[in-house]
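Q: Please take a close look at one buried spot in this model. What holds its side chain in place on the page, and what lies around it?

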Amino acid sequence: MLPKGTAHKPVYGDDYFQTIHDSLVTFQRHTDTMYSEIGAMRVFQATGAGSCLLTNDGDNMSDLFERDTEVVTYSSLHECIEKANYLIDNPEKAREIARKGQERTLRSHTAKQRYAEVHDYLVKALK
């Protein structure tokens, strides 16, 4: 069992985004089916909602975010725990990373931008 106050019961919709927004740190672990790349929706939901994202690293991370500046990455369980403790002990640093991650998401990773990319891809593929 997790210590009281460290995790939330399942929430959905607006409550989900409010919970992420209110969280100092949001944890993400990509599944093995993602292989060596990251890109789960929670990456963009957490950063877009203004939470400091703690996520496992991936080969494409530098295409999406600046490591340990816009999101916090880890490569092992030990490193994850170490960085989680650091962020909890340094909330101003976590908030700074959250702000930079949110700015990056709103600048580079909106649904509108993804739709345009898919549109361009489909136009090229259908020629």
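**A histidine and a helix**

A: The side chains of H30 and T55 share a polar contact of 3.4 Å. Such a contact is a pair of N or O atoms within 3.5 Å; within protein, one must be able to donate a hydrogen and the other to accept it, and residues adjacent in sequence count only if both atoms are side-chain atoms. The model is predicted: local features need pLDDT of at least 70, side-chain atom pairs count only at pLDDT 80 or more, and totals for chains, interfaces and linings use all residues. Numbering runs from 1 along each chain as its sequence is written, and side-chain values use heavy atoms, without hydrogens or water.

H30 sits in the loop between β1 (25-28) and α2. Helices (H or I, at least four residues) and strands (E, at least two) are DSSP runs, numbered from the N terminus. The H30 side chain also reaches the backbone nitrogen of G39, at 3.3 Å. H30 is buried, at 3% relative accessible area. Buried means under 20%, exposed over 50%, partly exposed in between (1.4 Å probe, protein chains only). Leaving out residues up to four places away in sequence, H30 touches I38, G39, A40, V43, T55 and N56. Contact means heavy atoms within 4.5 Å.

Now to α5. Its buried residues are A94, I97, A98, G101, R104 and T105. They fall within an arc of 130° seen down the axis, so they line one face of the helix. The arc uses directions from the helix axis to the C-beta atoms. These residues pack against elements including α2 (41-49) and β2 (52-56). The face turned away carries the exposed E92 and L106.
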